[in-house]
Structure formats: C-alpha cells, structure tokens
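Here is a short briefing for a first look at this protein. Keep the sequence and the model side by side as you read.

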Amino acid sequence: MNQLDGTNLVTAFTPLSGLSGGILIGLSAVLLMGALGRVAGITGIFAPLLGRWRPDNAWRALFLIGMLAGAILTALLGGFDSDSMAFPGNPLTTVVGGFLVGIGTVLGGGCTSGHGICGIARLSVRSMVSTAVFMFFAVATVFMLRHVIGAS
C-alpha cells in the first residue's frame, strides 16, 4: 500500500500481504503448468487472444478473467486504498510506455512474470539473466527518478 506523504512516496511494509500474494501467484503458476503444461507468463497468455480465436484460447480467457476478478475482489474487500494510489502519467506517456514494454517483451522472449516466476523456478539461465536485467533497470529507473531528477 502506497501513501503520499508531502512530496515523498512512502511504502508501507506489508509482509503478510506480500507472502499471501506470492503464494497465490506461485500456486497458480504450478497449477497451470501441472494441468496444461503452460507457463504463466501473462504476455504469452494474452497475445494469442488478440488474433483469430482458437480452441485453446478458452483457458487463456479464463486465466485473465480470474486475474481481473481477483483484483476486483481484493479492492471490494478493502485490500488496497485507491485514494492513496497516484498515477503521474498522461495518455501519451502511457501509450509510449506500453509500446516500449511490448518491444522489450518481444526482444526478451517473454515478460517479467514468465521469466521471473516460471523461468527461474525451472532454473532457466535465460530467465535468470532476463530477470536480473529487469531488476537492474527497475532499480536504476527508481534511483534516477527519485534521486537524480527529483520526481516523487
């Protein structure tokens, strides 16, 4: 849960929420791999839904509906305070950012969830390297924004 405190973003320490969320994500990845032999990488699940409908798209749609339903249920049960959330982007930066993420996903051969959750669990060297690159740039971006540029 994030709270705006003046100009500084303060992040609350919520270990139980993180632990329960991590367990549920890991469980869903294990169940998907065990039941269908599929990796729970969101890009790989979502991208085929954009094309022509195929018989194996039903499980993909159900997986995504379950993700959305879980987020909605969490919000309804008071799992996060939407008043404390801030989105500093505008439509242009959001679209440009989305395209850059899409390009990175194609170049990296998968998304953060596919590499970080499923790939590392399968001891994939490619996924370990990809996740290390993701994390490096995430830390560098936060450092640049908060300590160099001074954005909140």
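Gly 102 lies in helix H4. Helices here are DSSP runs of H or I with at least four residues, strands are runs of E with at least two, and both are numbered from the N terminus. At 30% relative accessibility, Gly 102 counts as partly exposed, because buried means under 20% relative accessible area, exposed means over 50%, and partly exposed is in between (1.4 Å probe, protein chains only). The C-alpha atoms of Gly 102 and Thr 43 are 8.7 Å apart in space, with the two positions 59 residues apart in sequence numbering.

**About the model**

- This is a predicted model: local features need pLDDT of at least 70, side-chain atom pairs count only at pLDDT 80 or more, and totals for chains, interfaces and linings use all residues.
- Residues are numbered from 1 along each chain as its sequence is written, and side-chain values use heavy atoms, with hydrogens and water left out.

**Overall fold**

- The protein has six helices and two strands.
- Along the sequence, the pattern reads β-β-α-α-α-α-α-α.
- Of the 152 residues in the protein, 15% are buried.
- Take the contacts (heavy atoms within 4.5 Å) between residues at least 6 apart in sequence: 34% of them join residues at least 24 apart.

**Cys 111, ahead of H5**

- Cys 111 sits in the loop between H4 and H5.
- Cys 111 is buried, with a relative accessible area of 10%.
- Leaving aside neighbours within four places in sequence, Cys 111 is in contact with Gly 41, Ile 42, Thr 43, Thr 105 and Phe 134.
- Cys 111 and Thr 131 are 20 residues apart along the chain, and their C-alpha atoms are separated by 9.2 Å.

**Helix H5 and its cover**

- The buried residues of H5 are Ser 113, Gly 114, His 115, Cys 118 and Gly 119.
- What covers them includes helix H1 (15-36), helix H2 (42-46), helix H4 (91-108) and H6.

**H5 against H6**

- Two packed helices are described by the angle between their axes and the distance between the axes.
- The axes of H5 (residues 112-121) and H6 (residues 125-149) come within 9 Å and cross at roughly 130°.
- Axes are lines fitted to C-alpha atoms, for helices over the stretch in contact, and angles run from 0 to 180 degrees between N-to-C directions.
- That makes H5 oblique to H6. Angles under 35 degrees count as roughly parallel, over 145 as roughly antiparallel, 65 to 115 as roughly perpendicular, and the rest as oblique.
- The crossing is left-handed (the near helix is turned anticlockwise from the far one by less than a right angle; clockwise would be right-handed).
- On the H5 side, the contact is made by Thr 112, His 115, Gly 116, Gly 119 and Ile 120.
- On the H6 side, Arg 126, Ser 127, Met 128, Ser 130, Thr 131 and Phe 134 take part.
- By class, this contact has three nonpolar, seven polar and one charged residues. Ala, Val, Leu, Ile, Met, Phe, Trp, Tyr, Cys and Pro count as nonpolar, Asp, Glu, Lys and Arg as charged, and the others, Gly among them, as polar.

**Leu 123, after H5**

- Leu 123 is found in the loop between H5 and H6.
- Leu 123 has a positive phi of about 60°, although it is not a glycine.
- Leu 123 is exposed, with a relative accessible area of 64%.

**The aromatic pair**

- A search of the whole structure finds one aromatic pair (ring centres of Phe, Tyr or Trp, its six-membered ring, within 6.5 Å).
- The rings of Phe 136 and Phe 137 have centres 5.1 Å apart and planes at 85°, so the pair is edge-to-face. Planes under 30 degrees apart count as stacked, over 60 as edge-to-face, and the rest as tilted.
- Both Phe 136 and Phe 137 are exposed.
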